[in-house]
Amino acid sequence: MFGFAGVVVILILFLLVSTIKVLPEYERGVILTLGRYTGTKGPGLILLLPVIQRIIRVDLRVNVMDVPPQDVISLDNVSVRVNAVVYFRVVDPEKCVLQVADFYQATSQLAQTRLRSVLGQHELDEILSKRDSINHTLQTTLDEATDPWGIKISDVEIKDVDINETMVRAIARQAEAERERRAKVIHAEGEMQASEKLRDAAAMLSQQPQAMQLRYLQTMADMSNSGNSSTIVFPLPLDLIQPLLEAFPPKKKSNDTAS
């Protein structure tokens with residue numbers, strides 16, 4: 001008699017355990033009654049019909065998925081190895097359970113294929129410099145593909161881009177050449193600005209001959225104060241030389257042979 005009562009008690013406890021379910025705030029329960037979907041419940045206390053109903057728990061928190069490194073050939077035929085991280089969460093538990101067998105595995109495989117597909121449409125320079133734009137494109141394409149599964153892709157981030165040593169040296173040479181080009185352009189722009197200032201100064205000095213004489217004297221003072229120099233420079237105005245040149249014009253050479 002005691003053995004039968006013990007079996008009854010165990011059976012009642014089993015029914016209670018299978019009947020009463022408690023879901024935390026971040027979970028929802030997809031209810032299947034005799035194999036058919038009959039609703040989504042939670043959070044809190046849930047009562048089920050033993051044997052007839054079954055519950056499938058779905059976590060609504062954000063999941064972090066590490067996409068393994070993928071070998072990608074860029075648009076300019078450069079082989080790179082890229083990995084990424086995907087942040088997603090379930091927004092529709094019904095679709096997540098009924099539309100896809102394993103939503104985590106399906107999202108992982110889709111993220112790997114889309115990563116290779118999207119990066120293959122960009123050149124290496126764009127992959128290295130325009131990560132924000134590429135991340136947004138990956139997030140949009142993955143979100144559109146996983147929407148029928150009830151999954152929302154919140155963010156996609158490219159973590160590492162590995163390049164072989166030969167390409168790294170080529171990129172370094174390109175960057176060095178670019179810096180040299182910028183230096184030459186800046187130097188040329190400086191020469192142009194200096195020439196414009198000198199032109200303006202010459203035009204201003206030509207309006208007042210006395211200013212030119214003062215400039216000569218200032219130059220001589222600067223040269224005498226620059227150091228122990230024995231050279232003396234004295235500017236001679238061309239106006240003093242011009243009468244001498246007119247008084248003694250250069251003689252023309254006579255032809256030795258008659259024409």
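**Reading a three-stranded sheet and two nonpolar cores**

A: In this predicted model, three strands form an open sheet in the order β3-β2-β5, with antiparallel pairing. The edge strands are β3 and β5, each of which pairs on one side only. From one strand to the next, the twist averages 25 degrees, where axes are lines fitted to C-alpha atoms, for helices over the stretch in contact, and angles run from 0 to 180 degrees between N-to-C directions.

Q: On what basis should these statements be read?

A: Residues are numbered from 1 along each chain as its sequence is written. Because the model is predicted, local features need pLDDT of at least 70 and side-chain atom pairs count only at pLDDT 80 or more, while totals for chains, interfaces and linings use all residues, and side-chain values use heavy atoms, with hydrogens and water left out.

Q: What are strands, and when do two strands pair?

A: Strands (E, at least two residues) and helices (H or I, at least four) are DSSP runs, numbered from the N terminus. Two strands pair if DSSP finds at least two bridges between them. Here, seven bridges join β2 (residues 27-33) to β5 (residues 53-59), and the two run antiparallel. E27 has D59 as its bridge partner in β5, and T33 stands opposite Q53.

Q: How many bridges join β2 to β3?

A: Five bridges link β2 with β3 (residues 36-41), again in the antiparallel sense. One bridge partner in β3 is Y37, which faces L32. The hairpin of β2 and β3 has two residues between the strands, and L34 takes a positive phi near 55 degrees there.

Q: Are the residues of β2 buried or exposed?

A: Buried means under 20% relative accessible area, exposed over 50%, and partly exposed in between (1.4 Å probe, protein chains only). In β2, seven of its seven residues are buried. E27, G29, I31 and T33 point one way, whereas R28, V30 and L32 point the other way.

Q: Which residues touch the most other members of the largest nonpolar core?

A: A nonpolar core is a set of buried Ala, Val, Leu, Ile, Met, Phe, Trp, Tyr and Cys residues joined through side-chain atoms within 4.5 Å. The largest has 28 residues, of which V80, V86 and L119 touch the most other members. Helix α3 (103-119) is among the elements that each supply at least two residues of this core, and α3 gives the most, with six. Apart from this core lies another, of five residues, including L23, I46, L48 and I55.
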